[in-house]
Structure formats: C-alpha cells, structure tokens
Amino acid sequence: MASWNALSPSIVEYFEGEDFYRCGYCKNESGSRSNGMWAHSLTVQDYQDLIDRGWRRSGKYVYKPVMNQTCCPQYTIRCRPLQFQPSKSHKKVLKKMLKFLAKGEISKGNCGDEPMDSTVEDAVAGDFALINKLDIKCDLKTLSDDLKESLENEEMKKEKNSKKEGSNESIHSQAIEEKLGSGEPSHSIKVHTVPKPGKGADLSKPPCRKAKEIRKERKRLKLMQQNPAGEHEGFQAQGQPPSLFPPKAKSNQPKSLEDLIFESLPENASHKLEVRLVPVSFEDPEFKSSFSQSFSLYVKYQMAIHQDPPDECGKTEFTRFLCNSPLEAEYPPNGPECGYGSFHQQYWLDGKIIAVGVIDILPYCVSSVYLYYDPDYSFLSLGVYSALREIAFTRQLQEKTSQLCYYYMGFYIHSCPKMKYKGQYRPSDLLCPETYVWIPIEQCLPSLENSKYCRFNQDPEAVDEGRSKEPDRLQVFHKKAIMPYGVYKKSQKDPSEEAAVLQYASLVGQACAERMLLFRS
C-alpha cells in the first residue's frame, strides 16, 4: 500500500503496432483492432488519465481500440450520478429486490432481457483461454534488479544535491521491485482481448429533473453521510433501522435512488442483503477469507452464462483478470475513506456471496470493470441492480471527495444492438475519439445512426489538447537507467524503435508519457 507521499512511478511495457483478432460483438474473425501495453504498475492518476483517452484495463493488460479501423468502435461512456434519476425499468428492478428481501417474493416472467444482466463491463474480461495459452516468458528478476539499481543511483544523486528534498522526491525502489517481481510477462508479447457481449435493450429517454429536486437530494445525501452507523466502507446494508435514512419523499415528489435502494424492511424480513467493499489484495483478511467462495461463484457464472469450459475459468484465470490489478492503493488525506485502487463489491445474501462487482476507485470516478453473479438469482436482475448500487456509491463518495463525481461504465457500442443498454443510465457522456472531450450522448446518437465511427466534437478547429507535443521528454527505462527519450534515441539505430515509441506517446498523451516509465529492452 502506497502512502500519498511515497508513490513510485507507473511502469508500462508497450506492444508496438496494432493487432487484428476476432470480434466478440459482430463475430468478425479479424475485424477487431487495438493497441495494448502491459502495466506492471499504475498510479490511480495515470490510469484516470488513460481511461480519459480511451484506454481500458483487463487485469494488468491495458488496451485502446483503434477506433477508425476496428469493426465495432467502442466509445468510453460515463454517467453523471449527481443528476441521475432512475427510470421506470430501474425502479422495477429495485422494487423487485425489495419484495424479494421483505417477503421472499419472486417475480414471475422472464428477466433475461434486462440490460446489464450479464456483465457490467463486457469488453474488459477478454478471452481468458487465448491469453493463458500464450507462451509468456521473461527474466523479471533481471528487470527488477536493473530498475532497482537505477533508482538507487538516482536516489543517491538526489541525496547529495539536497537531503531535505531527497526524502520527498526520491523514487522508492523497494516498492518498484515488488511490482516487477509479480511473475507477470515482459518483452514482446501480443495479448488479445476478445469481448463478450451482454444482453441489450432500447435506449430510454432521461427523465427531467427540477433544480429544487436536485437540491433536496443533495441535502438528503449529506444527512446520510453524517450518520456513520451501520456503514461498511460507504455502503449501507439492506434492512438497517429506518432512523438511518431520511424521511420518505412526499407523494408528489419522485423517490430518489437512495429512497428506493435503502427503503426500510420489516423486522421479520425473509432475507438479508449486505454489500461489502473489499480491497483487491491478498494481504487483506476479508478478501483472503472470502476468496474461495468468490472464485467458486465466478466459475459457476462463467460456465452458465458464457458457456466457458472448466479449463478456461480456473483459479489462474480468475486471479489474473479479476484479482491482479496494476493499480497502487493510495490514501490521500482529501480522498475517500476507503482510499483509491481496485475493489470487489461483494453482495452477501443470507450469509453467502451471490454477486461480485469488480470496480476501480479513481480520483474522478468509480470505474466498473466486471460483474459475476449466481445464475440461480438471475430473476433479481443483478446486473442492473449492481449498476444502480454503484451509482449510489459514487454519490456517497462524492460527498467527501467532491471531484469524484462520475461513474464510468466501460465502452458503449452503438453498432451492436445488444450493447446499447449503457445509454439508459442518463445523463451520460461519450468520449470524442479524436479530441478526448466529453459530449452528451444525446448529441452523439444522430451521428452514430449514420456512421459507426464518429468524431463527436463538432468544432472542426478543435484538437487533442493533451497530445504528445514534446516526445523527447517521455521517460524511458533502459539498461538499468531512467532517461528522457531524447537521450535514449541517440543510442538507437533501428527506425522501427522510434516509430513504436512515438506511437506510444501519441496514444497515452504528453502528461502520462512524462510520468510513466516506458520499459525498453
């Protein structure tokens, strides 16, 4: 766990060029195209900046679709939780859960068409079998030792220059050695991620909200935040005493998301639901003690929902994709109480886990990674329910950390009918793939009806403000030393090496290129 003043740099290994592979949405055998890199470690700020440029992680593999060439363009989508109001279909799901908890009532009919009932982030899981079949070999010990030596030399230089500044500015080699000693791959490896589409529904129009309603809702959230009783890392358990919650909305006012989620249950309720936020770390006792049950649930889900054979959803695959995260846990004084990093949100029903939402908590957002659940409880529409809980959770975090006010839902794929459901969580924005600014989804949809690939920014003069402007300032780790690219390139004769580094710089942007260490063999 990193303290706020002792953060070591992000370390990434870029796989030059693009690769074609089978698309999990349209089933085109070679239509999907992306760039990728292996993240040995990432600070939460670097990953926040990367996803704001269209990147996404699958375990420690971080990828970015080549938007104007891939068969099914994947647009980063974010919801604005502070203005979110549940739709009629969302309310039905929440009421269905309350009826089940209160009376054990199971709704009749087929729930298979509920949006987000399969996964919260469909594109990020990847093709487990393909990646694990790769022959991944590298000398991580050498890489770790080299970087450690380089950082120690740099630390010694800084100590000579200024002992006072040295303690704050020196890079912590021990932490980096731990990152690189994780047994994960290094050197030239092509890793493909094949998305698995979820189930869809038509877009619904966002309900209008008055300013007065928004003010009342914010006041209600503050009251909830001020009463810490019964909270578990920012989440309330279902069935808490009514006194924990604000008075119910008047009949002429629409119920807020919190009213619907945290409605009080009778003392003799049939079931008890508890949501626990657990850091993704084998050093955490709660994560460690629940690992076996969580893994068994994952296997059951993958085999039933995605028809994966047993050998493709083993403990290695589960750990690599949903437990191993490149994000460093950070606990800044002005951040959320749970800190930043990767977490599992476990849904415990009557003492057993029935669903797990994998999320990243970043400086400006809660980013949904994946959801797996017990197929026996499909009638509860756990995909929709968990998304609504995560939106409510984001609102609670925002009360203490004002800039943390977005809920990222992964990728929106308009060209795939089954993947339009994420547009139901309004208001939401799509990321312009050329200028990397956020545009309200309502303004994007007309263009997407005419073309799969669109530049959403309507200003023809607008450019990518975060683009790579000074590639020579990019940080490279090479032969036991950290150096600017301007120094590194003088020793390189292969023209393809320059093309690869410049491509990396253009994709990650100037800020990340200067902060992150790009490993070159």
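Me: Hi! Which way do β15 and β17 run where they're joined?
Reply: Hi! In this predicted model, strand β15 (residues 475–478) and strand β17 (residues 517–519) run parallel, and two bridges join them.

Me: Cool. Which residue in β17 is the bridge partner of Val476?
Reply: That's Leu518.

Me: What sheet are those strands in, and what's the strand order?
Reply: They belong to an open sheet of seven strands with mixed pairing. The order is β3-β4-β2-β1-β17-β15-β16. At the edges you'll find β3 (56–58) and β16 (481–484), each pairing on one side only.

Me: And how are neighbouring strands turned there?
Reply: On average by 35 degrees against each other, ignoring direction.

Me: Which strands does helix α14 lie across?
Reply: Helix α14 (residues 495–515) lies across β1 (11–21), β2 (32–41), β4 (61–65), β15 and β17. The helix runs at about 140 degrees to β1.

Me: New topic: how do strands of a sheet pair anyway?
Reply: Through backbone hydrogen bonds, either parallel or antiparallel.

Me: OK, so are β5 and β12 parallel or antiparallel?
Reply: Antiparallel! Strand β5 (residues 75–79) pairs with strand β12 (residues 406–412) over four bridges. One residue to look for is Arg78, whose bridge partner in β12 is Tyr408.

Me: Where do β5 and β12 sit in their sheet's order?
Reply: Their open sheet has eight strands, ordered β8-β9-β10-β11-β12-β5-β13-β14, with mixed pairing. Its edge strands are β8 (273–279) and β14 (438–440). Neighbouring strands are turned by 30 degrees against each other on average, direction ignored.

Me: Last one: what does helix α12 lie across?
Reply: Helix α12 (residues 441–450) lies across β5, β12, β13 (428–431) and β14, and runs at about 85 degrees to β14.

Technical notes
Residues are numbered from 1 along each chain as its sequence is written. This is a predicted model: local features need pLDDT of at least 70, side-chain atom pairs count only at pLDDT 80 or more; totals for chains, interfaces and linings use all residues. Side-chain values use heavy atoms; hydrogens and water are left out. Two strands pair if DSSP finds at least two bridges between them. Axes are lines fitted to C-alpha atoms, for helices over the stretch in contact, and angles run from 0 to 180 degrees between N-to-C directions. Contact means heavy atoms within 4.5 Å.
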